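Student: I have a chain to go through. Could we take it question by question?

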Amino acid sequence: MLSAANLIAQTPNKNPYNYKPATPDGTGKFYMGREIAQVMGFEGAAWLERDTREEEENTKLAISKMPVKATDAVADIGAGTGYYTFPLAAKVPQGKVYAVEVQQSALDYLKKHAKEIGVNNIMVVKGSAYSPNLPDSSIDFAFMVDVYHELAYPHEMLQALKRALKPGGKLLLIEYRAEDATVEIKPLHKMSKAQVSRELKANGFSLLSSKDFLPIQHF
């Protein structure tokens, strides 16, 4: 869990990416030594909503540990089917949750489902590869669940998130543990604690805490 800080990010105008032949499941685009993974399209929505997910990941525990108040503005970056979005909306009844997605099919699904179940404090936002398209200093807490490793432009996205966070705002990443060979997830869709820390520090975030209380993910 990381907080925005006024630190100098990477050198302006310098391309932070380099390119090599793509490996399986990769894009051939590298950031700070890490190959960016291919994006799982919304056709993988069934996997996000699989019956075994709670048991495998203990998502209820993850949500219970998120540091939000009832009045907070929260951003779910890469919201997908809203597996985390909708429970978070219940945790901030006087606040709001911005469900940010780039895929139109996901945006349509989120809007439809929110209307069907009568949830009024979810704002569906079309983001881009570079930005969540949220106003500056508008968010108390932002999070990404198994999303960061797929960002095509992690440097630009982190800079945009830093602007969107209020002073003292927090960013949480939940990622499958790359250090654990028993976590049966494709290697490029896992991240190590060291790599996450390196990339976030380079973009002006400072580490507040790092926990491994979840079965297969860093928090």
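The questions below go from the whole chain to single residues.

Student: How many helices and strands are there in the protein chain?
Tutor: Keep in mind that this is a predicted model. Both kinds of element occur in the protein chain. The counts are seven helices and 11 strands.

Student: What radius of gyration does the protein chain have, and what would a compact globule give?
Tutor: The chain has 219 residues, and for that length a compact globule would come out near 17 Å. The C-alpha atoms fill a box of roughly 45 × 40 × 35 Å along the principal axes. The radius of gyration of the chain agrees with the globule value, at 16 Å.

Student: What share of the contacts with a separation of 6 or more joins residues 24 or more positions apart?
Tutor: Contact here means heavy atoms within 4.5 Å. Among the pairs with a separation of 6 or more, count those 24 or more positions apart. Their share is 69%.

Student: What percentage of the residues is buried, and how much of the exposed area do carbon and sulfur atoms supply?
Tutor: Buried means under 20% relative accessible area. By that cut-off, 52% of the 219 residues are buried. The chain exposes about 10,600 Å². The part of that area from carbon and sulfur atoms is 55%.

Student: How far apart do the centres of the positive and negative side chains lie?
Tutor: There are 26 positive and 25 negative side chains. Each set has its own centre. The two centres lie 7 Å apart.

Student: Where on helix α7 do the buried residues fall: on one face or all round?
Tutor: Helix α7 covers residues 193–202, and Gln-195, Val-196, Glu-199, Leu-200 and Ala-202 are buried in it. Seen down the axis, these buried residues fall within an arc of 160°, so they line one face. An α-helix has 3.6 residues a turn, so residues three or four places apart point the same way. For α7, then, the place asked for is one face of the helix.

Student: Which residue just after α7 takes a positive phi?
Tutor: The phi there is about 90°. The residue is Gly-204.

Student: How many residues of α6 are buried?
Tutor: Helix α6 is largely enclosed by the rest of the structure. Its buried residues include His-155, Gln-159 and Lys-162, along with Met-157, Leu-158 and Leu-161. The count is nine of the 11 residues.

Student: Is His-149 buried or exposed, and which residues far along the chain does His-149 touch?
Tutor: His-149 lies in the loop between β8 (139–145) and α6 (154–164). Its relative accessible area is 2%, so His-149 is buried. Leaving aside neighbours within four places in sequence, the contacts of His-149 are Arg-34, Ile-36, Ala-37, Glu-175, Leu-188, His-189 and Met-191.

Student: Which residues does Arg-53 touch beyond four places in sequence?
Tutor: Arg-53 is found in helix α2, residues 53–57. At 5% relative accessibility, Arg-53 counts as buried. Its partners are Leu-48, Asn-58, Thr-59, Tyr-83, Tyr-84 and Val-145.

Student: What is the C-alpha distance from Pro-93 to Val-119?
Tutor: Pro-93 is in the loop between α4 (85–91) and β6 (96–101). Its relative accessible area is 48%, which makes Pro-93 partly exposed. Beyond four places in sequence, Pro-93 is in contact with Ala-70 and Asn-121. Val-119 is 26 residues from Pro-93 in sequence, and the distance in space is 9.7 Å.

Student: What phi does Asp-146 take, and what phi does Asp-25 take?
Tutor: Asp-146 sits in the loop between β8 and α6 and is buried, at 13% relative accessible area. Asp-25 sits in the loop between β2 (17–19) and β3 (26–31) and counts as partly exposed, at 25%. Neither glycine nor negative phi applies: Asp-146 is near 55°, and Asp-25 is about 75°.

Student: What separates the C-alpha atoms of Lys-14 and Thr-52?
Tutor: Lys-14 lies in the loop between β1 (2–4) and β2. At 58% relative accessibility, Lys-14 counts as exposed. Thr-52 is 38 residues away along the chain, and the separation is 44 Å.

Methods
Residues numbered from 1 in each chain as written. Predicted model: local features only at pLDDT ≥ 70, side-chain atom pairs only at ≥ 80, totals over all residues. Heavy atoms only, no water. Helix = DSSP H or I, 4+ residues; strand = E, 2+ residues; numbered from the N terminus. Rg over C-alpha atoms; globule rule 2.2 N^0.38 Å. Buried < 20%, exposed > 50% of the residue type's maximum accessible area, 1.4 Å probe, protein only. Areas by Shrake-Rupley, 256 points an atom, 1.4 Å probe, with all protein chains shown as cover. Lys, Arg positive; Asp, Glu negative; His and termini not counted. Charge placed at Lys NZ, Arg CZ, Asp CG, Glu CD. Arc of directions from axis to C-beta.
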